[in-house]
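Here is a quick walk through a small helical puzzle, or whatever it turns out to be once you have it on screen. Have a look at the model and then follow along.

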Amino acid sequence: MSKEDFLYPRGRYYGHVKPENLVFNANLQEFAQRVSYICNLETGGKVPPDEAYEQIKFLWKQLKHSKKQLKIGEQPSQNNGSEDG
């Protein structure tokens with residue numbers, strides 16, 4: 001097992017298999033792992049609470065940007081209704 005696999009384990013993906021879903025799932029797992037490390041460092045007194053908050057806030061913004069870029073959760077575009085009727 002490599003150091004990367006040990007430090008950043010990945011779970012299996014059981015959802016609808018599409019490239020963007022797989023990428024977002026990897027991003028989500030990385031987010032969760034990093035938040036866990038930050039929380040543990042803060043709990044152990046190694047990182048002040050305000051710094052932990054800012055780091056998690058930054059990671060959240062990255063995840064949110066990833067979701068937007070990958071168009072996760074958006075409905076497929078349909079005819080705007082202008083051609084009907």
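## E20 and its partner

E20 is partly exposed, since its relative accessible area is 26%. Its partner is K18: the two residues form a salt bridge, and their closest N and O atoms are 3.4 Å apart. K18 counts as partly exposed too, because its relative accessibility is 34%. Keep in mind throughout that this is a predicted model.

How many salt bridges does a search of the whole structure find? It finds two. The other one joins the side chains of R34 and E30, at 3.0 Å from N to O. Both of these residues sit in helix α2, which covers residues 19-43, and they are separated by about one helical turn because they are four residues apart. R34 counts as partly exposed, with 35% relative accessibility, and E30 is partly exposed with a relative accessible area of 28%. As a general point, side chains of opposite charge can pair when their charged atoms come close.

Here are the two pairs in one place.

| Salt bridge | N to O distance |
|---|---|
| K18 and E20 | 3.4 Å |
| R34 and E30 | 3.0 Å |

## The overall layout

Stepping back, the protein has three helices and zero strands, so to speak an α-α-α run when read from the N terminus. Of its 85 residues, 16% count as buried. If you take the contacts with a separation of 6 or more, residues 24 or more positions apart account for 56% of them.

## The core

Which residues make up the largest nonpolar core? There are nine in all: F24, F31, V35, I38, V47, A52, L59, L63 and I72. Helices α2 and α3 each supply at least two residues of this core, and the largest share, four residues, comes from α2.

V35 is a handy one to click on. This valine is located in helix α2 and counts as buried because its relative accessibility is 17%, under the 20% cut-off. Leaving out residues up to four places away in sequence, V35 touches I56 and L59, and L59 is itself on the list of core residues. V35 also has a long-range relation to W60: the two are 25 residues apart along the chain, and their C-alpha atoms are separated by 9.3 Å.

V47 is another core member. Once its neighbours within four places in sequence are set aside, V47 is in contact with L41, E42 and A52.

That brings up E42, which lies in helix α2. Is E42 buried or partly exposed? With 30% relative accessibility, E42 counts as partly exposed. Not counting residues up to four places away, E42 touches V47, P48, P49 and A52. Two of those names, V47 and A52, belong to the largest nonpolar core. E42 and Y53 are eleven residues apart in sequence, and 9.4 Å apart in space from C-alpha to C-alpha.

## The largest pocket

The largest pocket holds about 180 Å³ of space. Its lining consists of K18, E20, N21, L70, K71, I72, G73, E74, Q75 and P76, so the K18 and E20 pair from the start turns up again here. By class, the lining has three nonpolar, three polar and four charged residues.Three of the lining residues deserve a closer look. N21 is placed in helix α2 and is buried, with a relative accessible area of 17%. Apart from residues up to four places away in sequence, N21 touches Y13, H16 and I72. I72 lines the pocket and is also listed in the largest nonpolar core.

K71 also belongs to the lining, and K71 lies in the segment after α3, a helix that spans 49-70. Is K71 buried or exposed? K71 counts as exposed because its relative accessibility is 56%, which is over the 50% cut-off. The backbone of K71 is worth checking as well: its phi is near 60°, a positive value in a residue other than glycine. For context, most residues other than glycine have a negative phi.

Methods. Residues numbered from 1 in each chain as written. Predicted model: local features only at pLDDT ≥ 70, side-chain atom pairs only at ≥ 80, totals over all residues. Heavy atoms only, no water. Buried < 20%, exposed > 50% of the residue type's maximum accessible area, 1.4 Å probe, protein only. Salt bridge = Lys/Arg side-chain N within 4 Å of Asp/Glu carboxyl O. Contact = heavy atoms within 4.5 Å. 1 Å grid on protein atoms, 1.4 Å probe; cavity = no way out; pocket = protein on both sides within 12 Å on 5 of 7 lines; lining within 4 Å. Points joined across faces, edges and corners; volume = space filled by probe spheres on them. Nonpolar A, V, L, I, M, F, W, Y, C, P; charged D, E, K, R; others polar. Core = buried A, V, L, I, M, F, W, Y, C linked by side-chain atoms within 4.5 Å.
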